[in-house]
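The following exercises are to be solved from the sequence and the three-dimensional model. Each task is followed by a solution in steps.

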Amino acid sequence: MRVMPSMDAPLSPSAPPGADHRWYPVGTHITVRGLTKRFDGVTVYENFDLDIAKGRITSVFGPNGCGKSTLINMISGILPFDGGQILFEGKEAHETRIGYVFQNYREAVFPWMRAIDNIRYPLQFLDLTKAERQALLDRVVDSFDVSFDLNRYPYQMSGGQQQLVSIMRALVVEPEVLFLDEPFSALDYEMVMFLRGILQKVLKEREVTTLLVSHDLDEAVLLADEVLLLTKRPTRVAERLVFDAPRPRSVDTTITPGFVQTKTRALEVFQREVRA
Ligand SMILES: Nc1ncnc2c1ncn2[C@@H]1O[C@H](COP(=O)(O)OP(=O)(O)OP(=O)(O)O)[C@@H](O)[C@H]1O
């Protein structure tokens, strides 16, 4: 059962824990408390707690099948859970503007719409004037500065271009929180490098709280302000690693001592958890 807080409860970031079920620590955007999720009797999460910092990029990394996608799907409101509470600065998911980028861009973009209409699509659900919608569309197009024609249909675009369109579509509404599940795993390396660069630029400009699932440890560390390392099921947080290298980060970052140190520690924790 999902615990629903009453809508008239005051938001109180400074109140002590327990005083108010909508309390959240200062600087925290997402609070997960007592989360429980089972699939067919298999417990994936049991009484799981997590705080996610506001405006930062958090990568989620862990053993196969530990529940990385399940976690971001529950937090984003796509997947129901069996118990616990997830709040965004004290608000429910449906009170929060959320963007989601799926791994499988071919199924995510609408094939019958031109790129620009794909990107524009979510704006119709916002209570805005035509001019305000156009301003948001122009802003996202300007930020990404794409070099291909946005009047093309998906079948006329490469996989990377389609994924770029789906990222722009997720960001056009200016989400407070963005979820990305393996967004670059099916793309060639040149495109991956380009997308990593442009995405971190836009996310940092807009200070979007971001949760990224990646199977690629280099990518998980490279893009993250913090790497969240998970255990095997029933899943707990094994360790959290802060990575504060300056941005923009590129392949050059991956040979810096700070990167190597963070990745090495992440690998140690990962191997320990896989063997556990
Ligand atoms: N709809 C479902 N029905 C039954 N079991 C499911 C369902 N979705 C996920 N699971 C199971 O829950 C566990 C966590 O799945 P999830 O996809 O979240 O893991 P993951 O860490 O993202 O996996 P991977 O590393 O393989 O991408 C797995 O054991 C998976 O088989």
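**Preliminaries**

The structure is a predicted model, in which local features need pLDDT of at least 70 and side-chain atom pairs count only at pLDDT 80 or more, while totals for chains, interfaces and linings use all residues. Residues are numbered from 1 along each chain as its sequence is written.

**Exercise 1. Characterise the residues of the shell around the ligand.**

Step 1. Classify the shell: three of its residues are nonpolar, five polar and two charged. Here Ala, Val, Leu, Ile, Met, Phe, Trp, Tyr, Cys and Pro count as nonpolar, Asp, Glu, Lys and Arg as charged, and the others, Gly among them, as polar.

Step 2. List the members, where a residue is near a molecule if its C-beta atom, placed from the backbone, lies within 6 Å of it. The residues that surround the ligand are Phe39, Asp40, Val44, Asn64, Gly65, Cys66, Gly67, Lys68, Ser69 and Thr70.

Step 3. Identify the main contributor: helix H1 (residues 68-75) gives the most to this shell, with three residues. Helices (H or I, at least four residues) and strands (E, at least two) are DSSP runs, numbered from the N terminus.

**Exercise 2. Establish the strand order of the open sheet formed by three strands, and describe its pairing.**

Step 1. The order is S2-S1-S4, with antiparallel pairing; two strands pair if DSSP finds at least two bridges between them. At the edges are strand S2 (42-53) and strand S4 (83-88), each pairing on one side only.

Step 2. Neighbouring strands of this sheet are turned by 15 degrees against each other on average, direction ignored. Axes are lines fitted to C-alpha atoms, for helices over the stretch in contact, and angles run from 0 to 180 degrees between N-to-C directions.

Step 3. H1 packs on this sheet and touches S1, S2 and S4, its direction making about 120 degrees with that of S1. Contact requires that the C-beta atoms of two residues, placed from the backbone, lie within 7 Å.

Step 4. Strand S1 (residues 28-39) is joined to S2 over eight bridges, and S1 to S4 over five. Ile30 has Ile52 as its bridge partner in S2 and Phe88 in S4. The partner of Thr31 in S2 is Asp51.

Step 5. Two residues lie between the strands in the hairpin of S1 and S2, where Asp40 takes a positive phi near 45 degrees. Asp40 also belongs to the residues surrounding the ligand.

**Exercise 3. Determine the order of the open sheet of six strands, and state which helices lie across its strands.**

Step 1. The order is S5-S6-S7-S3-S8-S9, and the pairing is mixed. Strand S5 (98-101) and strand S9 (237-242) are the edge strands.

Step 2. Strand S6 (residues 177-181) and strand S7 (residues 209-213) run parallel and are joined by five bridges. Within this pair, Leu178 stands opposite Thr210.

Step 3. H1 lies across strand S3 (57-61), S6, S7 and strand S8 (226-230), at about 150 degrees to S7. Helix H5 (residues 159-171) lies across S5 and S6, at about 170 degrees to S5.

**Exercise 4. Is Phe270 buried or exposed, or does it fall in between?**

Step 1. Locate the residue: Phe270 is in helix H8 (residues 257-275).

Step 2. Apply the criterion: a residue is buried if 20 or more other C-beta atoms, placed from the backbone, lie within 10 Å of its own, exposed if 12 or fewer, and partly exposed in between. Phe270 counts as partly exposed because it has 19 C-beta neighbours inside 10 Å.
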